[in-house]
Amino acid sequence: MTTKQESKVPDNWQGSEATWLVYESLVKHGKKPGVDFSYQPRNRGRRMDMDTSTDFVLPPDLALQVQEAYYEHPSGIETRGTDMIAKAQLAGIGITMILLNHSMLKQDPDWLVSEALQYRDHSME
């Protein structure tokens with residue numbers, strides 16, 4: 001993972017730069033929006049407790065959640081905890097949630113998404 005990739009986020013994109021990188025990479029990997037995956041932009045406000053919504057859903061059993069830059073700040077611990085609960089809840093119904101680290105996405109989104117599509121989670125690295 002050594003390549004830094006630049007990507008211009010479209011003005012009409014309803015999400016962060018990191019979610020755009022994932023969207024763009026999924027398309028590069030041959031996934032069709034609305035067919036092979038869906039994207040659900042998060043509300044700009046605070047997430048609700050026990051929120052099991054994810055950024056990307058790839059039926060039948062894969063979900064991708066972007067860990068934004070604030071995860072790396074100590075105040076992001078509450079959201080990390082909420083995502084761990086959501087990950088466990090989804091696992092209980094047979095869905096694997098892969099967490100995608102913002103910093104890693106900025107370095108090499110195509111590699112990270114490729115790993116996620118193979119159910120490999122590098123979020124704890």
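**Reading the labels on a predicted model**

Author: Let us start with the outside: the accessible surface of the protein comes to about 7200 Å², and 54% of that surface belongs to carbon and sulfur atoms. Areas follow the Shrake-Rupley method with a 1.4 Å probe, and for residues only the protein chains shown count as cover. This is a predicted model, in which local features need pLDDT of at least 70 and side-chain atom pairs pLDDT 80 or more, while totals for chains, interfaces and linings use all residues. Residues are numbered from 1 along each chain as its sequence is written, and side-chain values use heavy atoms, without hydrogens and water.

Reader: Why is Leu21 called buried?

Author: Its relative accessible area is 4%, and buried means under 20% (exposed is over 50%, partly exposed in between); therefore Leu21 counts as buried. Leu21 is found in helix α1, residues 17–28, and its C-alpha atom is 6.2 Å from that of Pro109, 88 residues apart along the chain. In the protein as a whole, 39% of the 125 residues are buried.

Reader: What makes the pair of Trp13 and Tyr39 stacked?

Author: Happily, there are two numbers to check. Rings of Phe, Tyr and Trp (its six-membered ring) pair if their centres lie within 6.5 Å; planes under 30 degrees apart are stacked, over 60 edge-to-face, the rest tilted. The centres of Trp13 and Tyr39 are 4.6 Å apart with planes at 20 degrees, so the pair is stacked. Trp13 lies in the segment before α1 and Tyr39 in strand β1 (residues 38–39), so the pair ties together parts 26 residues apart in sequence. Trp13 has 14% relative accessibility and is buried; Tyr39, at 18%, is buried too.

Reader: And what makes the pair of Tyr39 and Phe56 tilted?

Author: Here the centres are 4.9 Å apart and the planes make 35 degrees; that angle is neither under 30 nor over 60, so the label is tilted. Phe56 sits in strand β2 (residues 56–58), 17 residues from Tyr39, and Phe56 is buried. Both residues belong to a cluster linked by ring pairs, with Trp13, Trp20, Tyr23 and Phe37.

Reader: How do you know that strands β3 and β4 pair?

Author: Strands are DSSP runs of E with at least two residues, helices runs of H or I with at least four, numbered from the N terminus. Two strands pair if DSSP finds at least two bridges between them; six join β3 (residues 62–67) to β4, so these parallel strands pair. Leu64 stands opposite Ile98 in β4. In β4 (residues 96–101), five of six residues are buried.

Terms used. Buried means under 20% relative accessible area, exposed over 50%, partly exposed in between (1.4 Å probe, protein chains only).
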